[in-house]
Amino acid sequence: MENLARFYINGAWVKPGDDAREYPVINPATEASEGTLYLAGKSDTDRAIQAARDAFDGFAATPVEERLALLEKILAVYKRRLDDMADAISKEMGAPRHGLAAKVQAPTGLGHLATALEVARNFEFETNTGKTLIRHEPAGVVSMITPWNWPMNQVTCKVGPAIAAGCTMILKPSEFAPLSACVFAEIMDEAGVPAGVFNMIYGDGAEIGPMLSSDPRVDMVSLTGSTRAGSSVSREAADTFKKVSLELGGKSANILTADCDLEKAVTHGVMSMMTNTGQSCNAPSRMLVPADKLAQAEEIAAKVCASIKVGPSAEKDTQMGPIANARQFERVQTLIQRGIDEGAKLVCGGPGKPEGLEKGYFARPTVFSEVNNQMTIAREEIFGPVLTMLPYNTLDEAVAIANDSDYGLSGYVYAADKDEAAAIARRLRTGMVHLNGAQLDLNAPFGGYKHSGVGREWGSRGLEEFTEVKSIML
């Protein structure tokens, strides 16, 4: 990937400035190098911002039909590069190549682009109330800062609606997930995105994030990342009163009611937690179980974890790959040990790597039980394959435990009666709730309450996020 050594600025692949520095790309399954990229310094960040600023007026003035035609071209090229995208995602962050990377991670990017196109076709950019013309206009130049755990999910759910809205942008993907971003920039280039509309620089968020957030030429910042990163972006953006959209962390509760099919509910909950090696902000990481069914739930969870094939990302039968990078691996190991030290019951898994996997950042599918909501593993987002099981005695207590969190991204309810599940869902202080195993909907707003963020992505709400509203009195 020769373009790892270059940035995409103003419609061309350009060499990094003198203040850029080299950074190795490590395959988390093998710990081998996949290449070297450059992390942008101030000069390259400045070039990318200025390119987006210079392109904004012209692109914002283009007819919606032109922007839709551009999205169609991007979608077509992405489809053709789907295998390349799956390869890149698997190598950079460890998603099983023949499973998660090929069947979910890469296609989700395709899904968001298609959804943005369909939403934009039906979106009322102008409405007339009789006395007032209400316009949705492009928000402006957007800094986009994206994570490593679902790289194309987060890139495309921002870029697609931003293009539709008429914004120009600077994308800064995670330095841990540069390969997929490189492929995506090649897709944008081949699709003929006008110069300066889409710009991409690799970089360390702590180093160039403040510039991307504070620069007065930037009108909006859209970040998906940690709560700490969201706090930093908010502070840096405050002086210039930018629009800020934040999709942050989660510690989602999964309430299993006394009358639910316990085997089915626990199995689904465990598998949902371990998907993507537990590295999902909306993972159902706190399983709330009726106290008199806890022992049975433990047995089911241990059986499910024992059936999960953990292994190298390239192997066809691998279900769970490695943790995405060494830093995150160490954090997960530390928190697993913390759970043991604080007295939680270790049902299965635990510290260390699975047998036979000495090379790579592999962790053991881990379940803790007899957890109380004050333990570290019940409060902090672990972002690894670690499930905590908390007993409860009444549904009121379960709802109270679920809501007793700094986070409020997602929630899960499993009940025999769907109306009862929906009634519980209405009491949860979260941006989303899944009932009885319901899947995500790319048209539904994605985002959360409290420390889980500000604003919503996906679907029509995601398009609105990249607009400003103007009222013209007639």
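Trainee: Is the crossing of H3 and H4 left-handed or right-handed?

Mentor: The crossing of H3 and H4 is right-handed. The rule looks at how the near helix is turned from the far one by less than a right angle: anticlockwise is left-handed, clockwise is right-handed. Before we go on, remember that this is a predicted model, where local features need pLDDT of at least 70 and side-chain atom pairs need 80 or more, while totals for chains, interfaces and linings use all residues. Residues are numbered from 1 along each chain as its sequence is written, and side-chain values use heavy atoms, with hydrogens and water left out.

Trainee: What makes H3 and H4 helices, and how do they pack?

Mentor: Helices are DSSP runs of H or I with at least four residues, strands are runs of E with at least two, and both are numbered from the N terminus. H3 covers residues 82-93 and H4 covers residues 97-122. Their axes are 8 Å apart, at an angle of about 115°. Here, axes are lines fitted to C-alpha atoms over the stretch in contact, and angles between N-to-C directions run from 0 to 180 degrees.

Trainee: Which residues make the contact of H3 and H4?

Mentor: Contact means heavy atoms within 4.5 Å. Among the residues that make it are Leu82, Met85 and Ile89 of H3, and Ala101, Pro107 and Leu110 of H4. By class, this contact has ten nonpolar, two polar and three charged residues. Nonpolar covers Ala, Val, Leu, Ile, Met, Phe, Trp, Tyr, Cys and Pro; charged covers Asp, Glu, Lys and Arg; the others, Gly among them, are polar.

Trainee: Why is the meeting of Lys470 and Glu137 called a salt bridge?

Mentor: The term asks for a side-chain nitrogen of Lys or Arg within 4 Å of a carboxyl oxygen of Asp or Glu. For Lys470 and Glu137 the N to O distance is 3.2 Å, so the pair qualifies. Lys470 belongs to strand S22 (residues 467-473) and Glu137 to strand S6 (residues 132-138), so this salt bridge ties together parts that are 333 residues apart in sequence.

Trainee: What makes Glu137 buried?

Mentor: Buried means under 20% relative accessible area, exposed means over 50%, and partly exposed lies in between, with a 1.4 Å probe and protein chains only. Glu137 has 18%, so it counts as buried. Its partner Lys470 has 37%, so Lys470 is partly exposed.

Trainee: How do you know that Glu263 and Lys303 form a salt bridge?

Mentor: Their N to O distance is 2.7 Å, so it falls within the limit. Glu263 sits in helix H9 (residues 262-274) and Lys303 in helix H10 (residues 294-307), so this pair ties together parts 40 residues apart in sequence. Glu263 is partly exposed at 37%, and Lys303 is partly exposed too, at 48%. Elsewhere, Glu126, Arg135, Glu137 and Lys470 are joined into one network by salt bridges that share partners.

Trainee: How many salt bridges does a search of the whole structure find?

Mentor: The search finds 26. One of the pairs is Lys172 with Glu175, at 3.9 Å from N to O, and both of these residues are buried.

Trainee: Why is Glu247 called buried?

Mentor: Its relative accessibility is 2%, so Glu247 is under the cut-off for buried. Glu247 lies in strand S11 (residues 243-247). Leaving out residues up to four places away in sequence, Glu247 touches several others, including Cys281, Phe446 and Glu457. An unreviewed UniProt entry places the feature "active site" at Glu247; such annotations use the numbering here, have shortened feature names, and may be inferred rather than shown by experiment.

Trainee: Which residues does UniProt list for "domain: Aldehyde dehydrogenase"?

Mentor: The unreviewed entry lists residues 13-472. Over that stretch the chain is 43% helix and 20% strand, and the end C-alpha atoms are 41 Å apart.

Trainee: Is Ala177 buried or exposed?

Mentor: At 2% relative accessibility, Ala177 counts as buried. Ala177 lies in the loop between strand S8 (168-172) and helix H6 (178-190). Beyond its neighbours within four places in sequence, Ala177 is in contact with Glu92, Pro147, Trp148 and Pro151.

Trainee: What makes Gly11 partly exposed?

Mentor: Its value is 30%, so Gly11 falls between the two cut-offs. Gly11 is in the loop between strand S1 (7-9) and strand S2 (12-14).
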